[in-house]
Amino acid sequence: PLTFGFEYNFLFYDYQNIGNYYYGDYTDNYSSENVYFYSGFDMLLFNLRLQPSEETFRPYVEIVTGVSWYYTSSDPHIISMFRDYQNDDFYGSLNDDLGFNAGFGAGLSILSNKGKSPELLIDIGFRYLFGTRATVIKKGTIGKTDGYIEYESARTPTNQINFLMGFTIRF
């Protein structure tokens, strides 16, 4: 039969630490700062799947569509010896963009609890997603000059080939 489903995926694909920075002197204010940057995406997909429902081994084909949110965020780790210090310029999203995806896939689901409800299937497959272009920060370009964060960004295609392994619960 034909089934409808959805899934949520996320992936972190880059991480960078721009190092320790020291502010003030030992008598007034002394702060040590490590700023971590991480890039990734969150994806919400909806699929329409054609798959037999009675066998133990269930091959399938599917069409997929959804949205992806690409981002680079910062997370400062700040230590202050004499008073609290917070640099709001370092915290939050440096870059984010929304992309749309559509594609197709195929795979095999293996029933692991025959005769029980809900069914639990082990799912192995692949998927190709065509994506729109999104603005992302180029790997390795984040730095700090004169107290300001600098980076390079680029518009890039978001096509993906996904290899899938997971579980499906069928009610």
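Two residues count as in contact here when they have heavy atoms within 4.5 Å of each other. Keep that in mind as we walk through this model, which is a predicted one.

Let's try the cut-off on P52 straight away. Leaving aside neighbours within four places in sequence, P52 is in contact with P1, R58, P59 and R170. P52 itself lies in the loop between β2 and β3, the latter spanning 57-80. Is P52 buried, exposed or something in between? With a relative accessible area of 30%, P52 is partly exposed, because the partly exposed class sits between the 20% limit for buried and the 50% limit for exposed. There is also a long-range relation to look at: P52 and S109 are 57 residues apart in sequence, yet their C-alpha atoms are 9.8 Å apart in space. Hold on to S109, as that residue comes back later.

Now step back to the whole chain. The protein chain has zero helices and ten strands, so if you read the elements from the N terminus on, you get β-β-β-β-β-β-β-β-β-β. Of the 171 residues in the chain, 39% are buried. How much of the contact map comes from residues far apart in sequence? Taking contacts with a separation of 6 or more, 70% of them are between residues 24 or more positions apart.

Back to the neighbourhood of P52, this time from the strand side. L50 lies in strand β2. Once neighbours within four places in sequence are set aside, L50 is in contact with P1, L2, P59, Y60 and V61. P1 and P59 also appear in the contact list of P52. For a C-alpha view of the same region, take L50 and E62: they are twelve residues apart in sequence and 6.2 Å apart in space.

From here we can move to the largest pocket, which has a volume of about 670 Å³. It is lined by 29 residues, and the closest to its centre are F6, E7, N47, R49 and D123. Which elements give two or more residues to that lining? They are β1 (2-23), β2 (31-50), β5 (119-131) and β10 (160-170). The largest share, ten residues, comes from β10. In chemical terms, the lining divides into 14 nonpolar, ten polar and five charged residues.

D123 deserves a closer look, being among the residues closest to the pocket centre. D123 is found in strand β5, and with a relative accessible area of 8% it is buried, because buried means under 20%. Here S109 returns: the side chain of D123 makes a polar contact with the side chain of S109 at 3.1 Å. Not counting residues up to four places away in sequence, D123 touches R49, Y60, L108, S109, L164, M165, G166 and T168. R49 in that list is another of the residues closest to the pocket centre.

Next comes β10, the strand that supplies the largest share of the pocket lining. Q160 has its place in this strand. It is buried, with a relative accessible area of 13%. The side chain of Q160 makes a polar contact with the side chain of N162, at 3.2 Å. Beyond its neighbours within four places in sequence, Q160 is in contact with F41, M43, Y70, R127, Y128 and L129.

Our last stop is the pair of strands β6 and β9. Why is β6, residues 133-137, largely enclosed by the rest of the structure? Four of its five residues are buried, so the surrounding structure largely encloses the strand. Five bridges join β6 to β9 (residues 153-157), and the two strands run antiparallel. Within this pairing, A134 stands opposite T156 in β9.

R155 also has its place in β9, and this residue is partly exposed, with a relative accessible area of 47%. Not counting residues up to four places away in sequence, R155 touches D97, R133, A134 and T135. What does the side chain of R155 do with the side chain of D97? The two make a polar contact at 3.0 Å. By C-alpha positions, R155 and D97 are 9.9 Å apart in space, with their places 58 residues apart in the sequence numbering.

Notes:
Residues are numbered from 1 along each chain as its sequence is written. This is a predicted model: local features need pLDDT of at least 70, side-chain atom pairs count only at pLDDT 80 or more; totals for chains, interfaces and linings use all residues. Side-chain values use heavy atoms; hydrogens and water are left out. Buried means under 20% relative accessible area, exposed over 50%, partly exposed in between (1.4 Å probe, protein chains only). Two strands pair if DSSP finds at least two bridges between them. A polar contact is a pair of N or O atoms within 3.5 Å; within protein, one must be able to donate a hydrogen and the other to accept it, and residues adjacent in sequence count only if both atoms are side-chain atoms. On a 1 Å grid over the protein atoms alone, a cavity is a set of points where a 1.4 Å probe fits but cannot get out, and a pocket is an open set with protein on both sides within 12 Å along at least five of seven lines; lining residues have an atom within 4 Å of a point. Grid points are joined across faces, edges and corners, and a volume is the space filled by probe spheres set on the points. Ala, Val, Leu, Ile, Met, Phe, Trp, Tyr, Cys and Pro count as nonpolar, Asp, Glu, Lys and Arg as charged, and the others, Gly among them, as polar.
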